[in-house]
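Open the model in your viewer and keep the selection tool at hand. The tour goes from one selection to the next and says what is there.

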Amino acid sequence: MSDSFRPRSDFLRTLVSRGYVRQCSDLEGLDARALEGGLCGYIGFDCTAASLHVGSLVQIMMLRWLQKSGGRPVALMGSGTTRIGDPTGRDESRRILTPEAIDENKAGIQQVFDRFLAFGDGPADAVMADNADWLLKLNYVDFLRDVGRHFSVNRMMSMDSVRLRLDREQELSFLEFNYMCLQAYDFVELNRRMGCVLQMGGSDQWGNIVTGLDLGRRMGREQLFALTSPLLTTASGAKMGKTAQGAVWLNAAMLPAFEYWQFWRNCDDADVGRFLKLFTELPLDEIARLEALAGAEINDAKKILATEATAMAHGREAAEAASEAARKTFEEGALAQDLPSVDIAAAEVEAGLGVLSAFVKAGLVASTGEARRQVKGGGLRVNDAAVTDERAQIGAADAAGGVVKLSLGRKRHVLLRLV
């Protein structure tokens, strides 16, 4: 993107100033189209899990800003393309999911979008489409004749998603090779059905997106636009959305609001300003003030980041409760009732529950073997007291008020609630 480009539309002004833009097929043209009003743009999300994680949050926020600037965002569910699997950035084929599993995943992903976008029938209301509506009805021979003839195998072989896989001598199935054809066709179909002229995504999707742009031109559609965001990593170089404990899910059923809040609170100092721009709607001058904080004061900026990001994904009430739970737990040393909790039969504790098994039941460790290693490293605590004996048991005396607090390290806590 040229440093001399000065967007006039609210949409691109916001995206450029907050750091969302990596590549664009025609910045000037897209800016002019956005100024006309009613810009319709989409991003596709395959239904490979029951929730999206924070690695998808940049794209979700781009749709949100499109709506806030008066445009019409389309969240495209990939129930059709999920049956094939995107080969981008992968060394092996994705696991093929059953139609029932895909539908379940789609329902979970829809819950995420309900937090970020306003859906309805108005001209600026968000739309949730599903490419299964047209892909599953295609006749293969007709598709090859009417659409497939516009694709160049030579060009497809040069795309990173294909070339890098072949360079590593990893098998690429014909099924996966067709993925970019279907994604390109999605763009044309959304343009025909909804007047969608913009496809957005991460920069690893650039090849697939511009293939759709080229297909639209060859099939006589209006001018289409491609826009990608930078692939996001943390200051430590880690891939966004993944932690040592697993994915940071956006669905509350898969990750409680408290743990989501903690993820943002524990970000690296160097990431605070960038994350405030990308994952909150705070004004840029306020972000500049927070970003300039130094020393211990940077923690105040992290708490604001955590609360604002959590409010967007889980609601303001849940965000404030998570913030208060963290304050009580870490600043007052009190037992915060809003910590993540797991119900357990009172009889099981009264009979004596092995401490290793308790941490597995709480989901803080994956196995008793992992719990045993944590004991040796001093990483487990029961009611804030270090566990030193792997044969220890949790009994009724530990369950003051019907609750036992289990901690892994200093930042992960779960309450065992006796029922």
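**A stop on the surface**

Select Leu 144, which is partly exposed, because its relative accessible area of 42% falls between the 20% limit for buried and the 50% limit for exposed. Keep in mind that this is a predicted model. Leu 144 belongs to helix α6, which covers residues 140–146. Now add Tyr 140 and Phe 174 to the selection: with Leu 144 they make up a nonpolar patch on the surface. Together the three have about 350 Å² of accessible area.

**Aromatic rings**

Turn next to the aromatic side chains, which form eight pairs in the structure. For one of them, select Phe 263 and Trp 264: their ring centres are 5.0 Å apart and their planes meet at 75 degrees, so this pair is edge-to-face. Are these two residues buried or exposed? Phe 263 is buried, at a relative accessible area of 18%, and Trp 264 is buried too, at 0%.

Then select Phe 275 and Phe 279. Their ring centres lie 5.6 Å apart with the planes at 65 degrees, so this pair is also edge-to-face. Both residues sit in helix α13 (residues 272–279); they are four residues apart, so about one helical turn separates them. Phe 275 is buried, with 2% relative accessibility, and Phe 279 is buried, with 1%.

**Last selection**

Which residues form one aromatic cluster? Select Tyr 260 along with Phe 263, Trp 264, Phe 275 and Phe 279, and the cluster is on screen.

Key
Residues are numbered from 1 along each chain as its sequence is written. This is a predicted model: local features need pLDDT of at least 70, side-chain atom pairs count only at pLDDT 80 or more; totals for chains, interfaces and linings use all residues. Side-chain values use heavy atoms; hydrogens and water are left out. Patches are made of residues with over 30% relative accessible area and no salt bridge: like charges are joined within 9 Å, nonpolar side chains (Val, Leu, Ile, Met, Phe, Trp, Tyr) within 5 Å. Accessible areas come from the Shrake-Rupley method with a 1.4 Å probe; for residues, only the protein chains shown count as cover. A salt bridge is a side-chain nitrogen of Lys or Arg within 4 Å of a carboxyl oxygen of Asp or Glu. Helices (H or I, at least four residues) and strands (E, at least two) are DSSP runs, numbered from the N terminus. Buried means under 20% relative accessible area, exposed over 50%, partly exposed in between (1.4 Å probe, protein chains only). Rings of Phe, Tyr and Trp (its six-membered ring) pair if their centres lie within 6.5 Å; planes under 30 degrees apart count as stacked, over 60 as edge-to-face and the rest as tilted.
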